[in-house]
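Open your viewer, switch on a cartoon view, and keep the selection tool at hand. We will go stop by stop, with something to select each time.

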Amino acid sequence: MKLITDISMRAERMEIMKTERFNELVCEIRKASIDTLTKKNAKYSTIDDRLHNFHAGAAITGLTATQTAWGYMAKHLASLQGKILSDDFSDMDDLKEKIQDSINYLVFIWCCANESIDNIPAKRLDSVSNLI
């Protein structure tokens, strides 16, 4: 019962986020993510390979492109974790950048996973031809 009272008291002191503000923030982070995604993807990819940076990282580490994307995202998650655990949101620009980069790495993981699935028949054919 005390927890409910504490939450109620805290809610009375703070302004609750309304739908309009929520939608505004969602649009803001999505737009920033897409803008960053397209700019950085153009910088770190080739015309023929939109996932080039992940393929190159995979070749260096011996991981898959998807695993490489996860590793790249981990530094952003570690930074976010530090901000969240210390409840330090004093640099909102940095927080926004970490969040939009994390969103973008999830998109890259999605793309890498789909590329991997799309190549399963080719991988199987390579395995079979090596046996012959």
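Let's begin with a single side chain: is K31 buried, partly exposed or exposed? Select K31 and show its surface: K31 is exposed, because its relative accessible area is 53% and the cut-off for that label is over 50%. Keep in mind throughout that this is a predicted model.

**Stop 1: a bridge within α2.** Now add D35 to the selection. The side chains of K31 and D35 meet in a salt bridge, with 2.9 Å from N to O. Both residues belong to helix α2 and sit four residues apart, about one turn of the helix. D35 is partly exposed, at a relative accessible area of 30%.

**Stop 2: where α2 meets α5.** Colour α2 (19-44) and α5 (residues 92-118) separately, and look along the place where they pack. Their axes are 9 Å apart, at an angle of about 65 degrees, and the crossing is right-handed. To see the contact itself, show side chains: on the α2 side the residues include I29, A32, T36, L37 and K40, and on the α5 side they include I99, D101, I103, V107 and F108.

**Stop 3: D101.** Stay at this contact and centre on D101, in helix α5. Which residues does D101 touch, leaving aside those up to four places away in sequence? Select T36, K40 and H76 to see them. With K40, D101 forms a salt bridge whose closest N and O atoms are 3.8 Å apart. This pair links distant parts of the chain, since D101 is in helix α5 and K40 in helix α2, 61 residues apart. The two partners differ in exposure: D101 is buried at 5% relative accessibility, whereas K40 is partly exposed at 40%.

**Stop 4: K83 and D94.** Next, select K83 and D94, whose side chains meet in a salt bridge of 2.8 Å, N to O. Here helix α4 (residues 65-85) supplies K83 and helix α5 supplies D94, 11 residues apart. Both K83 and D94 are buried. Add K98 to the view as well: K83, D94 and K98 are linked in a network of salt bridges. If you would like to hunt for others, the model has six salt bridges in total.

**Stop 5: a nonpolar patch.** Finally, turn to the surface and select M17, F22 and V26. Together they form a nonpolar patch with about 280 Å² of accessible area. M17 is found in the loop between α1 (2-13) and α2, and is partly exposed, with a relative accessible area of 47%.

Definitions and conventions. Residues are numbered from 1 along each chain as its sequence is written. This is a predicted model: local features need pLDDT of at least 70, side-chain atom pairs count only at pLDDT 80 or more; totals for chains, interfaces and linings use all residues. Side-chain values use heavy atoms; hydrogens and water are left out. Patches are made of residues with over 30% relative accessible area and no salt bridge: like charges are joined within 9 Å, nonpolar side chains (Val, Leu, Ile, Met, Phe, Trp, Tyr) within 5 Å. Accessible areas come from the Shrake-Rupley method with a 1.4 Å probe; for residues, only the protein chains shown count as cover. A salt bridge is a side-chain nitrogen of Lys or Arg within 4 Å of a carboxyl oxygen of Asp or Glu. Helices (H or I, at least four residues) and strands (E, at least two) are DSSP runs, numbered from the N terminus. Buried means under 20% relative accessible area, exposed over 50%, partly exposed in between (1.4 Å probe, protein chains only). Axes are lines fitted to C-alpha atoms, for helices over the stretch in contact, and angles run from 0 to 180 degrees between N-to-C directions. A crossing is left-handed if the near helix is turned anticlockwise from the far one by less than a right angle, and right-handed if clockwise. Contact means heavy atoms within 4.5 Å.
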